Amino acid sequence: MYMSATPNLWEETIQPGATWSHVLKRGTALRVVDLEGNANVGAIFYNFECPVERYNMPDTLKAQHIARLTTGFVLYSDMGRILLSVIADTVGWHDPIGGTSNVHLVEKKYGLSTYQESRNDYPKNGRDSFLIELGKWGLGPRDLVANINLFSRVDVSEDGSMTFVPGNSKAGDSVELRAEMNVLAILNTCQHPLDPSPKYEPRPVQVAIRQVPVPATDDPCRISRPENGRGFTLTERYFL
Amino acid sequence: MSTTTISGKNLIESKLSQSKAIYRHEILAGEPWIRELRKGQYFRIVDLHGNQAVDTLFYNAHDYSDRYSAQDTIQQQRNIYLTAGTKLISTAGTVLLTIVADTCGRHDTLGGACANESNMVRYALEKRHMHACRSSFLKAITEWDHGMSKRDITSNINFFMNVPVTSEGKLTFEDGISDPGKYVEMRAEIDVLVLISNCPQLNNPCNAYNPTPVEVLIWDSAL
């Protein structure tokens, strides 16, 4: 039903290892396409009007009893509201627990290189990428919270151990997030911190924005579980 | 109390004597607690009555923007459960504390803290008035009066809680694995600020709908 496409308002490519941000307006959707396969997109989301309200990993996981994201699930803020709904997904599993890389991890895995040496191919890390993009909106380390990783999968075994699953996303796979509020999206295409590949090889993605209908009373994300019905109610009240 | 057998537990008892603790305090259910630990001090939380959730956040005492990170902690040890040997990692990659003893065996850091708003989503819109951990956090940091705000409240540890993830990617809330008198003990690796909410949740069977007191103890050293 969501594939009855309205035209893209615009689209662009986020280059490998690059950062990106945008205020997703309520009533639009962000589609992210893995252009080459094995992409990873680290993402954190904020209520643009009041960024101290922000994506909350535990509230998202425990409201829906999930440790993965796909169609029908939503991303909760820490105020009981729904920032974004996953309205389409060809991957089936996006990681909400694995976190992001930092400079120490990236140096250890891929070696030290500078801009002077490598120009724009110098190895980027997720934490610094988040902080750079947050800084453009007047935000900083106190606003850095648990992120999601689109296109990546981390399995958890019975003893709690975490395993990155290579090849989770193929070229052309995509996920679409509908903005239920005016959402500041902070993204980067750094590799997943648990990606075992010793090669620094971040991948590009395409982002596209389009207008979408308001969620109907029988919207799949709204009716997927009673918690989400209440989450939509609280979100809609915010705009009354 | 549950006697559930769990895998991955790593039970290590402390050698510290309670009589040598320099500080002891009982935190009643629904109360917050905030205090600094100096580098090298040992910090124990005792689950006095069993299966009580102790929602806990840690900060670098000299820079509160450098704070406990659930994702960095589980990512570095590649395991979602906290137990003896776990290094509690900050957002800047600093080791804040190390868990040195644990008689429970498994602690959660994915389930987060309850809030008025999350209770409305999880249970019913009418639950907004019920006392919640994030209200306790906000009260404690306001009284602490060092410029902290909701921006500083982030994903916490739930000591003594059992929140497994299945191979299908489901998050489940299982019966507790703690019992009266079980404890977890940490060594501060730098000066840290500890912020606790002794969870008042009445809507969740994880604590048998009965929040209870816990005790915190501090030692100056392992001697």
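## Tour from strand 10 of chain B

Select strand 10 of chain B: both of its faces are covered. Val192(B), Val194(B), Ile196(B) and Asn198(B) are buried on one side. Leu193(B), Leu195(B) and Ser197(B) are buried on the other. In a regular strand, side chains alternate between the two faces of the sheet. The model you are viewing is predicted.

Now take the strand as a whole. It spans residues 192-198 of chain B, and seven of the seven are buried, so the rest of the structure largely encloses it.

**The strand's partners.** Add strand 2 of chain B, residues 32-37. Strand 2 pairs with strand 10 in the antiparallel sense, over six bridges. To check the register, pick Glu36(B): its bridge partner in strand 10 is Leu193(B).

Next, add strand 4 of chain B, residues 54-60. Strand 4 also runs antiparallel to strand 10, and seven bridges join the two. Label Val54(B) here; Asn198(B) of strand 10 stands opposite.

**The core.** Which residues have the most contacts inside the largest nonpolar core? Val192(B) and Val194(B) are among them, along with Phe58(B). From chain A come Ala43(A), Phe45(A), Val183(A) and Ala185(A). This core has 117 residues.

Centre on Val183(A). Setting aside its neighbours within four places in sequence, Val183(A) is in contact with Leu24(A), Phe45(A), Tyr46(A), Asn47(A), Phe48(A), Leu83(A) and Leu84(A). Phe45(A) is thus a contact of Val183(A) and a listed core residue as well.

**The contact between chains.** Show both chains. How many residues does each give to the contact? Chain B gives 35 and chain A gives 43. On the side of chain B that touches chain A, select helix 1 (70-77) and helix 2 (116-122); these are the elements that give two or more residues. Colour that side by class: eleven residues are nonpolar, 16 polar and eight charged.

**Chain B entire.** Hide chain A and zoom out. Chain B has three helices and eleven strands. Along the sequence they follow the pattern β-β-β-β-β-α-β-β-α-α-β-β-β-β. Its radius of gyration is 16 Å, close to the 17 Å that the globule rule gives for 223 residues, so chain B is as compact as a globular protein of that length. Along the principal axes, the C-alpha atoms of chain B fill a box of roughly 50 × 45 × 35 Å.

Finish by colouring chain B by burial: 52% of its 223 residues count as buried. Then draw the contacts in chain B between residues at least 6 apart in sequence; 78% of these join residues at least 24 apart.

Key: Residues numbered from 1 in each chain as written. Chains lettered and ligands numbered in written order. Predicted model: local features only at pLDDT ≥ 70, side-chain atom pairs only at ≥ 80, totals over all residues. Helix = DSSP H or I, 4+ residues; strand = E, 2+ residues; numbered from the N terminus. Rg over C-alpha atoms; globule rule 2.2 N^0.38 Å. Buried ≥ 20, exposed ≤ 12 C-beta atoms within 10 Å, placed from the backbone. Contact = placed C-beta atoms within 7 Å. Nonpolar A, V, L, I, M, F, W, Y, C, P; charged D, E, K, R; others polar. Core = buried A, V, L, I, M, F, W, Y, C linked by C-beta atoms within 7 Å. Pairing = 2+ DSSP bridges.
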